[in-house]
Amino acid sequence: MAKSPEIPVHNRRDGLEPLPELRRMSRETPLLETPRDWVATGHAEVRQILGDADRFSTMPPADTEEDRRRQIQEGNLLQYDPPDHTRLRQMLTPEFTNRRMRRLEPFIEEIVAERLDALERAGRPADFMRHFAWPIPGLVSCALLGVPRDDQAELARNLDISRAGNRSRKQQMTAGKAYVGYMSQLVARKRRDPGDDLLGMLIREHGDDVSDTELTGIGTSLMAAGYENVAGTLGLGTMLLLGHPDQLALLLEKPELTDRAVEELLRYVSVIATSSPRTALADVPVGDAVIKKGDVVVCSLLAVNRAGHGAGDDGFDITREVTSHMAFGHGIHYCLGAPLTRVQLRIALPRLLHRFPGLRLAVAPEELRYRTLAPNYGVEALPVTW
């Protein structure tokens, strides 16, 4: 049996909590050099690195520029530097404005209502992840990209297998190839007959200025990010609320706190523990150290959002003034889909809690299993009853 990879301290948790070692690291060595890379856990250090796209690259490190470009998934903004990043981001941004998100609200409300019915039909106890948390962002992402309903289940299955830490490398690669292959076929269909979805909009508005390979990368990366981030936050966020009945009762009593509650959930659960690695393009002074040209640095969003707070400031509090959390990153790579994530959470959570005011875990918290090796932290299953 293959040995599981060791998870570094800046990615490990005890349930929802960062380890004490991460808190110490953030307090005592906010920028730490390791044999492999640098790890930034301090707020100022992370903010500086992520905000400096001129001196820190998100492109994979390589011996030559040609080798580096061969490693890039075309269309994945997280692997692009300006000016290519700027070009694609400007194409995509109009589809993620708050005004566009408001137009999606009736559709999202309909999906949420359908999944609440499905959760109830499943009977008690039911797996919250299977019947509610995973389907909502899956259906929303598929609608955004124009994936036909008959194709959605297989697409989601291949995506899940390709990124599951408990699958073999061969299984991951086979599923990943099928996932990307489907998206490539979808782009070809959209090129012939563009609809009013995101891929169709890009084709209509930009034509040959965006290639089919880039469109495929845009589709696969947006689908994966939207699907996993929202599902993970819905699962962990619901678990968090159920573990804090005073906060849950307050949210039910004062729905005007919904926006603050969503921001606090995003900060507290931090489903993305670290940003994509950055490579220094020059010698850069950061804090008391100098990150040398060619060095790789990993920024801990979990540390900034949780471990970097004082003990009295870290508690879960839905009345907290909205803070500058980094659940969506920082700088030019700030999550493009943040408005879509927020609108799904703002609709799904209040409707869930009002439909099932007696919602509670059906197992002891210590029995839950977490997706520790997946790119996005979350629970494998969340048995609930009501």
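This passage describes strand pairing, backbone features, salt bridges, cysteines and one pocket in a predicted model.

Strand pairing was examined first. Strand E4, which spans residues 38-40, runs parallel to strand E10, residues 296-299, and 3 bridges join the two. Within this pair, valine 39 has valine 298 of E10 as its bridge partner. Strand E10 also pairs with E7, here in the antiparallel sense and over 2 bridges. In that pairing, arginine 278 is placed opposite valine 297 of E10. A further sheet is open and consists of 3 strands in the order E6-E12-E11, with antiparallel pairing. Its edge strands are E6 and E11 (360-361), each of which pairs on one side only. Strand E12, residues 383-385, is joined to E11 by 2 bridges in the antiparallel sense, and leucine 361 stands opposite valine 384 of E12. In a regular strand, side chains alternate between the two faces of the sheet.

Several backbone features lie in loops. The peptide bond between proline 82 and proline 83 is cis, with omega about 10°. Proline 83 belongs to the loop that runs between helix H3 (65-71) and helix H4 (84-92). A cis peptide bond also leads from arginine 124 to proline 125, where omega is near -5°. Proline 125 is located in the loop between helix H5 (98-122) and strand E6 (126-127). Serine 270 has a positive phi, near 40°, although the residue is not glycine. This serine is part of the loop between helix H13 (258-269) and strand E7 (278-280). With a relative accessible area of 1%, serine 270 is buried.

Over the whole structure, the search gave 19 salt bridges. One of them links the side chains of arginine 100 and glutamate 95, with an N to O distance of 2.2 Å. In this pair arginine 100 is partly exposed, at 27% relative accessibility, whereas glutamate 95 is buried, at 12%. Another salt bridge is formed by glutamate 263 and arginine 342, whose closest N and O atoms are 2.5 Å apart. Glutamate 263 is in helix H13 and arginine 342 is in helix H15 (residues 338-355), so this salt bridge ties together parts separated by 79 residues in sequence. Glutamate 263 is buried, with a relative accessible area of 8%. Arginine 342 also counts as buried, at 16% relative accessibility.

Helix H13 contains a further salt bridge, between arginine 267 and glutamate 264. The N to O distance is 2.9 Å in this case. The two residues are 3 positions apart in the helix, which means that about one helical turn separates arginine 267 from glutamate 264. Arginine 267 and glutamate 264 are both buried. Elsewhere, Glu17, Arg23 and Arg306 belong to one network, joined by salt bridges that share partners.

The cysteines were examined for disulfides, and the count came to 0. For cysteine 142, the closest cysteine sulfur is that of cysteine 335, and no bond is possible because the two sulfurs are 17 Å apart, whereas a disulfide requires sulfur atoms within 2.5 Å. Cysteine 335 likewise takes part in no disulfide, with the nearest cysteine sulfur, in cysteine 299, 16 Å away. Cysteine 142 is buried, at 2% relative accessibility.

The second largest pocket has a volume of about 400 Å³. The lining of this pocket comprises 15 residues, and those closest to its centre are Glu95, Arg103, Leu104, Asp196 and Asp197. Glu95 is also the partner of arginine 100 in the salt bridge described above. Helices H5, H7 (135-145) and H10 (198-206) are the elements that each give two or more residues to the lining. The largest contribution comes from H5, with 5 residues. By residue class, the lining of the second largest pocket consists of 8 nonpolar, 1 polar and 6 charged residues.

Note on methods: Residues numbered from 1 in each chain as written. Predicted model: local features only at pLDDT ≥ 70, side-chain atom pairs only at ≥ 80, totals over all residues. Heavy atoms only, no water. Buried < 20%, exposed > 50% of the residue type's maximum accessible area, 1.4 Å probe, protein only. Helix = DSSP H or I, 4+ residues; strand = E, 2+ residues; numbered from the N terminus. Salt bridge = Lys/Arg side-chain N within 4 Å of Asp/Glu carboxyl O. Pairing = 2+ DSSP bridges. 1 Å grid on protein atoms, 1.4 Å probe; cavity = no way out; pocket = protein on both sides within 12 Å on 5 of 7 lines; lining within 4 Å. Points joined across faces, edges and corners; volume = space filled by probe spheres on them. Nonpolar A, V, L, I, M, F, W, Y, C, P; charged D, E, K, R; others polar.
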